[in-house]
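Q: Could you take a close look at one part of this model for me? I'd like to start from a single charged side chain and work outwards from there.

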Amino acid sequence: MAKITSFLRDRFLRFRREVIVLWYAFRHPATPTWLKLVSLLLAIYLISPFDLIPIMIPFLGVVDDLIIVPLGVSFVVKRLPTEVRTESEQQATRWIGRYIKRPLLFTLIVLLVLLLIWAGLFWLLWHFWLSGLLGG
């Protein structure tokens with residue numbers, strides 16, 4: 001059990017760092033356009049209420065986000081040009097050291113923001129769908 005917990009913690013910390021590296025790399029002018037596009041698609045997939053496995057299916061609806069997004073982020077980070085990756089990793093290290101004193105609290109805030117975005121998108125979809133059914 002300790003090995004699993006250690007693996008999950010290490011993977012979470014690596015994912016957190018890779019997301020921040022990806023943020024800085026996205027803004028870097030030397031990052032290839034196709035990597036920026038893949039990064040954008042990953043972000044859209046993460047906040048989108050539409051998934052490969054619907055969220056309504058217990059457990060499995062969340063698992064696809066927990067697998068696809070981290071694998072996609074790692075895929076993009078590994079393909080960054082060396083110069084971009086080095087600079088982005090340095091910036092990420094400084095940002096993490098400055099702003100993330102409590103990783104669990106930070107994670108909860110990020111999850112809350114994602115939940116609010118998802119709920120807002122769901123509400124808009126529901127609102128327009130319902131108003132379309134009622135004719136105005």
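**A buried arginine and its surroundings**

A: In this predicted model, Arg16 is buried yet makes no salt bridge, and the nearest side chain of opposite charge, Asp10, sits 10 Å away. A salt bridge needs a side-chain nitrogen of Lys or Arg within 4 Å of a carboxyl oxygen of Asp or Glu, so a partner 10 Å off doesn't qualify.

Where does Arg16 lie? You'll find Arg16 in helix H1, which covers residues 2–27. Once you set aside the neighbours within four places in sequence, Arg16 is in contact with Ile96, Ile100 and Pro103. Ile96 belongs to helix H4, residues 82–99, while Pro103 belongs to helix H5, residues 103–133.

Helix H4 also carries another arginine worth a look, Arg94. The C-alpha atoms of Arg94 and Arg16 are 13 Å apart, although 78 residues separate the two along the chain. Arg94 has a relative accessible area of 49%, so Arg94 counts as partly exposed, whereas Arg16 is buried.

Now for the charged pairs that do meet the rule: there are 2 salt bridges. One of them joins Glu18 to Arg11, with the closest N and O atoms 3.7 Å apart. Both ends of that pair are tucked away from the probe: Glu18 counts as buried because its relative accessibility is 10%, and Arg11 counts as buried because its relative accessibility is 16%. For both, the cut-off to keep in mind is that buried means under 20%. So Arg11 is a buried arginine with a salt bridge, and Arg16 is a buried arginine without one.

The other pair is Arg85 with Glu89, where the closest N and O atoms are 3.1 Å apart. Arg85 and Glu89 are 4 residues apart in helix H4, so about one helical turn separates them. Arg85 is partly exposed, with a relative accessible area of 28%, and Glu89 is partly exposed too, at 25% relative accessibility.

Back to helix H5, this time for its nonpolar side. Leu105, Ile109, Val113, Ile117, Leu121, Trp123, Leu124 and Phe128 form a nonpolar patch on the surface, and together they have about 750 Å² of accessible area. Leu105 is found in helix H5. Its relative accessible area is 45%, so Leu105 counts as partly exposed. A patch residue needs over 30% relative accessible area, and Leu105 clears that cut-off because it comes in at 45%.

Stepping back to the whole chain, there are 5 helices and 0 strands, and reading along the sequence gives α-α-α-α-α. The C-alpha atoms fill a box of roughly 55 × 45 × 25 Å along the principal axes. Of the 136 residues, 26% are buried, and Arg16 is one of the buried ones. Among contacts between residues at least 6 apart in sequence, 71% join residues at least 24 apart. The chain exposes about 9900 Å², with carbon and sulfur atoms supplying 74% of that area. As for charge, the chain has 15 positive and 8 negative side chains, and the centres of the two sets lie 8 Å apart.

Notes:
Residues are numbered from 1 along each chain as its sequence is written. This is a predicted model: local features need pLDDT of at least 70, side-chain atom pairs count only at pLDDT 80 or more; totals for chains, interfaces and linings use all residues. Side-chain values use heavy atoms; hydrogens and water are left out. Helices (H or I, at least four residues) and strands (E, at least two) are DSSP runs, numbered from the N terminus. Buried means under 20% relative accessible area, exposed over 50%, partly exposed in between (1.4 Å probe, protein chains only). Lys and Arg count as positive and Asp and Glu as negative; His and the chain ends are not counted. Contact means heavy atoms within 4.5 Å. Patches are made of residues with over 30% relative accessible area and no salt bridge: like charges are joined within 9 Å, nonpolar side chains (Val, Leu, Ile, Met, Phe, Trp, Tyr) within 5 Å. Accessible areas come from the Shrake-Rupley method with a 1.4 Å probe; for residues, only the protein chains shown count as cover. The place of a charge is taken as NZ of Lys, CZ of Arg, CG of Asp or CD of Glu.
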